[in-house]
Amino acid sequence: MISVLTPARAQRAHADATATAWALAARGGDPDAADHFVRALHGDVLRYVAWLSGDPQSAHDLTQDTFARAFGSLHRYEGRASARTWLLSIARRAVADSLRRAAARPRIADATDWQTLLERAQPSCLPGLDDGVALLALLDGLPGERKEAFVLTQLAGLSYEEAARLAGCAVGTVRSRVSRARATLERLLREADASGTPAACPR
């Protein structure tokens, strides 16, 4: 059976190949290639860590941490996986480490960070807020594994095979998680439409 790439997948495959070539050139000491590598994948990493961590406030710090780790281990990168897949695997570990540190950090007081709480609880239906915030609110309602599978394949653009390698599970498992995540999101949107209330707004 011949696999035919759609224009969008062909474009993504070309972008992945280009980013991988830049990563390999950066490994060889080319500073321009390193700059191109960061520019090409910065947005993907930023979106991924924001959605995976559920904390847009720390997304930029996590993105910087991801690239710092990547350049620290770039000498070991051989291009067996695309640079994007490799980088998102590093981002995944950066988020996990961040969550572990936050869980282990002693609370100074029982006071709540009201500014952060208000920003995260603010209805996404208010005028002027980006659609991405509404999507983030919907995604936050998904179980962690389904959320990650959906983000990796539908938002970050990884193939099911790449997402499976990154998540350490079977391809069929990723497909199932994405299917269930999509069904849940579609149900939430239908419910919002039926009630005349934008998704993620309080009922």
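What pattern does the protein follow when read along the sequence? I looked this up in the predicted model, and I noted that the protein follows the pattern α-α-α-α-α-α-α-α-α, its secondary structure coming to nine helices and zero strands.

**Entry on the whole chain.** I looked up burial next and found that buried residues make up 34% of the 203 residues in the protein. For the surface, I wrote down that the protein exposes about 12,100 Å², of which carbon and sulfur atoms supply 54%. Among contacts between residues at least 6 apart in sequence, I noted that 64% join residues at least 24 apart.

**Entry on the core.** I reminded myself that in soluble globular proteins, nonpolar side chains tend to be buried together. Here the largest nonpolar core has 41 residues, and Phe 37 and Leu 88 are those with the most contacts inside it. Among the elements that give two or more residues to this core I listed helix H1 (7–27), helix H4 (83–104) and helix H9 (171–195), while the largest share, nine residues, comes from H2. I then followed Leu 88 and, leaving aside residues up to four places away in sequence, found that it touches seven residues' worth of neighbours including Tyr 48, Leu 152 and Leu 166.

**Entry on Glu 162.** Which helix holds Glu 162? I found Glu 162 in helix H8, residues 160–167. Glu 162 is buried yet has no salt bridge, and I noted that the nearest side chain of opposite charge, Arg 165, is 4.7 Å away; a salt bridge would need the atoms within 4 Å. The side chain of Glu 162 does make a polar contact with the side chain of Thr 85, at 3.3 Å.

Note on methods. Residues are numbered from 1 along each chain as its sequence is written. This is a predicted model: local features need pLDDT of at least 70, side-chain atom pairs count only at pLDDT 80 or more; totals for chains, interfaces and linings use all residues. Side-chain values use heavy atoms; hydrogens and water are left out. Helices (H or I, at least four residues) and strands (E, at least two) are DSSP runs, numbered from the N terminus. Buried means under 20% relative accessible area, exposed over 50%, partly exposed in between (1.4 Å probe, protein chains only). Lys and Arg count as positive and Asp and Glu as negative; His and the chain ends are not counted. A polar contact is a pair of N or O atoms within 3.5 Å; within protein, one must be able to donate a hydrogen and the other to accept it, and residues adjacent in sequence count only if both atoms are side-chain atoms. A nonpolar core is a set of buried Ala, Val, Leu, Ile, Met, Phe, Trp, Tyr and Cys residues joined through side-chain atoms within 4.5 Å. Contact means heavy atoms within 4.5 Å. Accessible areas come from the Shrake-Rupley method with a 1.4 Å probe; for residues, only the protein chains shown count as cover.
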